[in-house]
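Welcome, and please open the model in your viewer. We will walk through it one selection at a time.

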Amino acid sequence: MDGIDLPDVADEITDFFILDIRRPADYCAGHIKGAVNILFEEVAKPENLIKLPADKPILVVCYTGHTASQINAILNMLGYNAWTLRFGMTSWKAMSPTKIWSANQMPQDIYGGNYPLETCQ
């Protein structure tokens with residue numbers, strides 16, 4: 001996202017249809033501007049597939065990038081041009097407290113890009 005938009009390249013966030021597959025409460029607490037929220041388990045239903053553009057790249061967003069990668073694979077098999085936001089919202093938000101297993105079970109703060117978030121009204 002360098003602010004220089006190349007018309008033939010998906011190089012800016014606005015070049016993508018943003019599909020957020022997280023739970024609605026998490027989506028409403030903070031999502032990428034313009035993102036459409038469809039639950040992970042609901043994406044491949046016909047009534048949701050018709051909401052997705054066939055002529056624009058789709059950026060799939062989840063919490064960490066893992067479940068988005070699964071949806072990404074499904075959408076690409078169905079003929080969509082799908083991509084995954086690497087590390088999900090963890091990479092987008094300023095900071096995400098995350099419980100990571102260790103011998104002493106200490107939580108860890110994961111710092112991201114601190115990009116703007118939109119909330120539900």
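Start by selecting I74, which sits in helix α3, residues 66–77. Helices here are DSSP runs of H or I with at least four residues, strands are runs of E with at least two, and both are numbered from the N terminus. Before moving on, note that this is a predicted model, in which local features need pLDDT of at least 70 and side-chain atom pairs count only at pLDDT 80 or more, while totals for chains, interfaces and linings use all residues. Residues are numbered from 1 along each chain as its sequence is written, and side-chain values use heavy atoms, with hydrogens and water left out.

**A patch on the surface**

Is I74 buried or exposed? The answer lies in between: I74 is partly exposed, at a relative accessible area of 33%. The scale calls a residue buried under 20% relative accessible area, exposed over 50%, and partly exposed in between, using a 1.4 Å probe and protein chains only. Now add M77 and L78 to your selection: together with I74 they make a nonpolar surface patch with about 320 Å² of accessible area. Such patches take residues with over 30% relative accessible area and no salt bridge, joining like charges within 9 Å and nonpolar side chains (Val, Leu, Ile, Met, Phe, Trp, Tyr) within 5 Å. The areas come from the Shrake-Rupley method with a 1.4 Å probe, and for residues only the protein chains shown count as cover.

**Three salt bridges**

How many salt bridges does a search of the whole structure find? It finds three, each being a side-chain nitrogen of Lys or Arg within 4 Å of a carboxyl oxygen of Asp or Glu.

- Select D20 and R22: their closest N and O atoms are 2.9 Å apart, and both residues are buried.
- Next, pick D26 and R23, whose side chains meet at 2.9 Å, N to O. D26 is partly exposed at 23%, whereas R23 is exposed at 53%.
- Then go to E42 and K45, which meet at 3.0 Å, N to O. E42 is partly exposed at 26%, and K45 is partly exposed at 34%.

**From R22 to Y63 and T90**

Return to R22 and show Y63 as well. R22 lies over the face of Y63, 5.8 Å from the ring centre; a charge counts as over a ring if NZ of Lys or CZ of Arg is within 6 Å of the ring centre and within 35 degrees of the ring normal.

What does the side chain of T90 reach? Its target is the backbone oxygen of Y63, at 2.9 Å. This is a polar contact, meaning a pair of N or O atoms within 3.5 Å; within protein, one must be able to donate a hydrogen and the other to accept it, and residues adjacent in sequence count only if both atoms are side-chain atoms. T90 belongs to helix α4 and is buried, at 13% relative accessible area. Add Y111 too: T90 and Y111 are 21 residues apart in sequence, yet 7.3 Å apart in space, C-alpha to C-alpha.

**An aromatic pair**

Rings of Phe, Tyr and Trp (its six-membered ring) pair if their centres lie within 6.5 Å; planes under 30 degrees apart are stacked, over 60 edge-to-face, and the rest tilted. The count by this rule is one aromatic pair. Select W92 and Y115 to see it: the pair is tilted, at 4.7 Å centre to centre with 45° between the planes. W92 is in helix α4 (residues 88–92) and Y115 in the segment after β6 (107–111), so the pair ties together parts 23 residues apart in sequence. W92 is buried at 6% relative accessibility, while Y115 is partly exposed at 37%.

**Two positive phi angles**

Most residues other than glycine have a negative phi. Select F87, in the loop between β4 (82–84) and α4, where phi is positive, near 65°. Now jump to N114 in the segment after β6: its phi is about 60°, again positive, although it is not a glycine. N114 is exposed, at 54% relative accessibility.

**Last stop**

Finish at V60 in strand β3, residues 58–61. V60 is buried, at 0% relative accessibility. Show L19 beside it: V60 and L19 are 41 residues apart in sequence but 4.8 Å apart in space, C-alpha to C-alpha.
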